[in-house]
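Me: Hi, could you walk me through this structure? I'd like to begin with the ligand.

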Amino acid sequence: MVKISRRFDELGADGASARLGIMGGTFDPIHIGHLTIAEEMRQALGLDAVLFIPTGAPVFKKDQHVTDAHDRVEMVRLAVSGNPHFDVSTIEADREGDTFTVDTLREMREHYPDNVTFYFMVGSDSAATVGKWRGSKELAQLTHLVVAAGRPGSLQEDELCPIIEAAGPFEYHIVHTSILAVSSTMLRDRLVKGDTCRYLIPERVREYIRDHGLYAGDEAIASSCDQSSEIDPLSKEFYKARKAELKTRVSSKRFKHIMGVADTCEQLAEQYGVDPKKARLAGLLHDWDKGMNDEEARQRAIDLGMEDEIDPYILEVMPNVLHGITAAKALGREYPAIPADVLQAIDRHTTAADDMTPLDMVLYVADAIEPGRVFGRIDELRSLVGEVSLEELYFHTYEYWVFLLLERRKPLHPDTIRIWNANVSQLKRYARRNEKQ
Ligand code: ATP
């Protein structure tokens with residue numbers, strides 16, 4: 001059973017000394033400021049892990065409405081899941097009554113062995129109030145204090161030190177983190193007004209806010225999630241905006257591959273009479289969800305509520321093919337104007353299907369033959385472009401991937417065999433048709 005955190009309950013259990021960062025907060029909602037200071041402090045102090053602990057009922061915020069703890073926990077979970085050093089703990093959210101940091105630290109001290117040292121992380125605005133915290137002297141025995149200096153509008157380092165020293169015999173560290181003039185208050189305000197929060201709040205959290213109707217009426221949330229929802233998804237403007245966003249989602253190597261696929265999609269589309277704008281967009285967006293590991297890909301499917309529609313075999317054994325399926329779903333929700341056939345091509349680009357449309361085939365082939373791919377028989381496939389029909393080109397590409405899977409002794413999904421058989425009969429039909437012409 002999880003006591004403090006799913007990922008880090010065993011920290012220090014091997015007897016080796018370990019440093020655990022603790023980032024408490026209301027996280028209403030979590031934002032780029034929280035994540036940035038936590039990561040920079042982790043690096044600065046060589047912390048092994050950082051636990052984000054959303055408060056239950058925060059004592060300092062009694063006079064204001066605070067979003068339900070369950071939603072705040074879920075938002076933090078989504079925000080931290082991509083960082084292996086981060087996790088969320090529900091120990092405060094699960095506790096009845098007021099939240100006091102000293103109670104949390106006591107509970108954690110009981111759980112973790114003495115070789116785990118705690119580093120309680122705060123912004124300079126919170127550090128300025130440390131003298132008012134319940135049990136601050138005891139707290140100083142339980143944890144080091146790490147302060148992110150210079151939050152706009154709060155005390156400077158020379159003003160903070162005497163305040164902390166007066167509050168208790170803390171071992172404290174001031175860390176100069178990137179200064180971000182962002183706060184949850186400001187973001188709630190933007191959400192209510194429908195101003196964009198893109199990049200300030202992680203994308204998956206914005207999706208959660210939209211899907212759960214938090215902070216504002218639906219209209220305002222929809223526009224804060226996507227200022228460009230009214231832009232034509234086949235316009236240059238939309239393409240440029242998504243391209244910029246992709247850069248923040250995937251590695252530079254992956255980005256290069258994606259751009260290779262988008263170019264190749266356009267060329268193939270022109271060659272085979274498919275809409276080049278749609279093909280280019282499908283190429284650009286096909287690996288939208290590719291920057292995730294297996295566990296994150298599964299979680300992504302769950303977060304999107306797709307558990308029941310995805311084959312359990314894929315979820316368990318082949319999470320690597322999930323990224324096309326989840327990307328199509330997430331993009332369709334975020335940008336409802338993206339044409340359904342573009343989303344379908346994205347959805348099918350990893351698994352294919354037995355009724356592939358020309359657009360589906362263009363993306364499927366482009367993903368294999370884009371200029372950055374150098375392995376195997378790719379040059380043979382490239383030499384077929386313009387020489388054979390799109391259907392044949394797709395069939396050869398499919399054959400190539402199946403061979404590769406067999407050669408590498410990878411499991412084959414039963415649908416792969418079904419699609420193979422459908423391709424074989426389809427190809428025979430084309431051959432007969434061509435003979436007749
Ligand atoms: P609110 O505006 O609702 O008070 P907040 O943005 O300050 O929220 P909290 O969840 O209350 O967020 O903050 C958790 C911790 O993160 C606090 O220690 C706070 O000082 C710190 N923090 C939040 N945002 C920043 C920021 N932009 N720069 C530095 N520290 C920050």
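**Around the ligand**

Reply: Happy to! A polar side-chain atom of Ser126 sits 3.0 Å from an oxygen atom of the ligand, a polar contact being a pair of N or O atoms within 3.5 Å; within protein, one must be able to donate a hydrogen and the other to accept it, and residues adjacent in sequence count only if both atoms are side-chain atoms. Bear in mind that this is a predicted model, where local features need pLDDT of at least 70 and side-chain atom pairs count only at pLDDT 80 or more, while totals for chains, interfaces and linings use all residues. Residues are numbered from 1 along each chain as its sequence is written, and side-chain values use heavy atoms, with hydrogens and water left out.

Me: How much of the ligand does the protein bury?

Reply: The protein buries 91% of the 600 Å² that the ligand exposes when taken alone. Those areas come from the Shrake-Rupley method with a 1.4 Å probe; for residues, only the protein chains shown count as cover.

Me: Which elements give two or more residues to the shell around the ligand?

Reply: They are strands E1 (18-25) and E6 (116-123), plus helices H1 (32-45), H4 (124-127) and H7 (184-193). Helices (H or I, at least four residues) and strands (E, at least two) are DSSP runs, numbered from the N terminus.

Me: And how many residues surround the ligand?

Reply: There are 21, and the closest are His34, Asp125, Arg151, Ser184 and Thr185. A residue counts as near if one of its heavy atoms lies within 4 Å of the molecule or strand in question.

Me: What about Phe27 and the ligand?

Reply: A backbone N or O atom of Phe27 is 2.9 Å from an oxygen atom of the ligand. For Gly123, a polar backbone atom is 3.0 Å from a ligand oxygen.

Me: Switching topic, how many salt bridges does the structure hold?

Reply: It holds 28, each a side-chain nitrogen of Lys or Arg within 4 Å of a carboxyl oxygen of Asp or Glu. One of them joins Glu39 and Arg42, with the closest N and O atoms 2.9 Å apart. Both residues belong to helix H1, three residues apart, about one turn of the helix.

Me: Where is Pro29, and is its peptide bond from Asp28 cis or trans?

Reply: Pro29 is in the loop between E1 and H1. The bond from Asp28 to Pro29 is cis, with omega near 0 degrees.
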